[in-house]
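Grab a pencil and work through a few exercises on a fold you may not have met before. Try each task yourself, then check the solution.

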Amino acid sequence: MTQYVLITGSSSGIGFETAKLFADQGIFVFAGVRKKADKIKLEEYSPNIKGVLMDVTDSDEIEKAVKKIKRVTKELSAVVCCAGMAVAGPMEILNVEKIKDQFNVNTFGTMDVVRQFLPLVKMGKIIYISSMAASGIFPYLSPYCASKKATDIMLNSLMNEFKNKDVKIISVKPGCIVTPFWEKSVHLNMKNFETDKYQAEKIFLRKNAEHNSVHGTKPESVAKLIWKIFNKKYPALSYTIGFDSKVTMFLSWILPVRVINFIIKLFMKFATRKCLDE
């Protein structure tokens, strides 16, 4: 019997690699994308992939996607939420509309997808790509951290409230991923640092994003973890992947916030000083 899954954010990165892997394994994938070109690219890759145009911030588009998928199947084995974006900037000067945009994609968009597709996941899994940033200790990325943490909490609450115990909800927390995601996000957010007060931090974040784009966990590795979770009868509630994620999450569990804040401020002091010296 054919199994069907929905994967949002399939145009690139983790979502793209997960869609390809599942299709290669014989799973029929509904790949959520925003652009027609990405839909065509994925459908050309495999006959097991059907692109679905769906902006997760548009509730009407999600509803239309549900109706389209229902014409093909009445049941999904999994919904994998990979769609996301990052807003960076100092909270002191960051435009509140930018913060709303962050939550509209990562939190409200994800929850709307889950809410609308949940009736189709009768005995399956909801797998959500969270982040080590959900620990909430990354300065100048607080909207991103907060959006991931908020979604973790909402999905955990859903799991406790939902009457169907055959549905499992799992969070995956990667560290830095080797994709253009961070580099692209930081460059898009450089205007949020348009003040002399944060020029050193602006330089540091740009260099750090460029470094993370080539050093870190490969998206293929995250896709393989998602495949492993998909096939587990009793998966854990949360998974970390990447050395940086494991260390970050561990430290956030064992250290008091005051100590973490001290370490962050000390690190940023030396990191930004080095950027200015260069």
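The exercises below start with the sheet, go on to the helices and end with two single residues, all in a predicted model.

**Exercise 1. Find the order of the strands in the open sheet, and say which strands are at the edges.**

Solution. Step one: walk across the sheet and you get the order β3-β2-β1-β4-β5-β6-β7, seven strands with parallel pairing. Step two: look for strands that pair on one side only, and you land on β3 (49-53) and β7 (238-241). Step three: check the twist, which averages 20 degrees from one strand to the next.

**Exercise 2. Work out what β1 pairs with, and whether its residues are buried or exposed.**

Solution. Begin with the β2 side. Strand β1 is joined to strand β2 (residues 28-33) by four bridges, and the two run parallel. Here Ile7 sits opposite Ala31 of β2.

Now turn to β4. Strand β1 (residues 4-8) also pairs with β4 in the parallel sense, again over four bridges. On this side Leu6 has Val79 as its bridge partner, and Ile7 has Val80.

Last, look at the faces. Tyr4, Leu6 and Thr8 are on one side of β1, Val5 and Ile7 are on the other, and all are buried. That's five residues out of five, so β1 counts as mostly covered, with buried meaning under 20% relative accessible area.

**Exercise 3. Do the same for β4: what lies on its two faces, and which strand does it join through Cys81?**

Solution. Strand β4 covers residues 78-81; Ala78 and Val80 point one way, Val79 and Cys81 the other, and all of them are buried. For the pairing, follow Cys81: opposite it stands Tyr128 in β5. Strand β5 (residues 125-129) runs parallel to β4, with four bridges between them.

**Exercise 4. Trace the chain through two β-α-β units and give their handedness.**

Solution. Take β1 as your starting point: go over α1 to β2, and you have a right-handed β-α-β unit. Then try β4: pass over helix α4 (residues 96-117) to β5, and that unit is right-handed too.

**Exercise 5. Describe how α1 packs against α2 and against α8.**

Solution. Two numbers do most of the job: packed helices are described by the angle between their axes and the distance between the axes.

- *α1 with α2.* The axes of helix α1 (residues 13-24) and helix α2 (residues 36-45) come within 10 Å and cross at roughly 30 degrees. Angles under 35 degrees count as roughly parallel, so that is what α1 is to α2. The crossing is right-handed. Phe16, Ala19, Lys20 and Asp24 of α1 meet Lys41, Leu42 and Tyr45 of α2.
- *α1 with α8.* For helix α8 (residues 219-231), the angle to α1 is about 55 degrees and the axes are 8 Å apart. That makes the pair oblique. This crossing is right-handed as well. Among the α1 residues in the contact are Ile14, Leu21 and Phe22, while the α8 residues include Val222, Trp227 and Phe230.

**Exercise 6. Which strands does α8 lie across, and which does α9 touch?**

Solution. Helix α8 lies across β1, β4, β5, β6 and β7, and runs at about 160 degrees to β5. Helix α9 (residues 243-254) packs on the sheet too, touching β6 and β7, and its direction makes about 125 degrees with that of β7. As for those two strands, β6 (residues 168-174) and β7 run parallel, joined by four bridges. Ser171 has Ser238 of β7 as its bridge partner.

**Exercise 7. Place Ser147 and Tyr140, and decide whether each is buried or exposed.**

Solution. Ser147 belongs to helix α5 (residues 142-161). Its relative accessible area is 0%, so Ser147 is buried. Beyond its neighbours within four places in sequence, Ser147 is in contact with Gln102, Phe103, Asn106, Thr107 and Tyr128.

Tyr140 is found in the loop between β5 and α5. With a relative accessible area of 17%, under the 20% cut-off, Tyr140 is therefore buried. There's one more thing to spot: the phi of Tyr140 is near 70 degrees, a positive value in a residue other than glycine.

Definitions and conventions
Residues numbered from 1 in each chain as written. Predicted model: local features only at pLDDT ≥ 70, side-chain atom pairs only at ≥ 80, totals over all residues. Heavy atoms only, no water. Buried < 20%, exposed > 50% of the residue type's maximum accessible area, 1.4 Å probe, protein only. Pairing = 2+ DSSP bridges. Right-handed = clockwise from strand over helix to strand, strands pointing away. Axes fitted to C-alpha atoms, helices over the stretch in contact; angles between N-to-C directions. Parallel < 35°, antiparallel > 145°, perpendicular 65-115°, else oblique. Left-handed = near helix turned anticlockwise from the far one by under 90°. Contact = heavy atoms within 4.5 Å.
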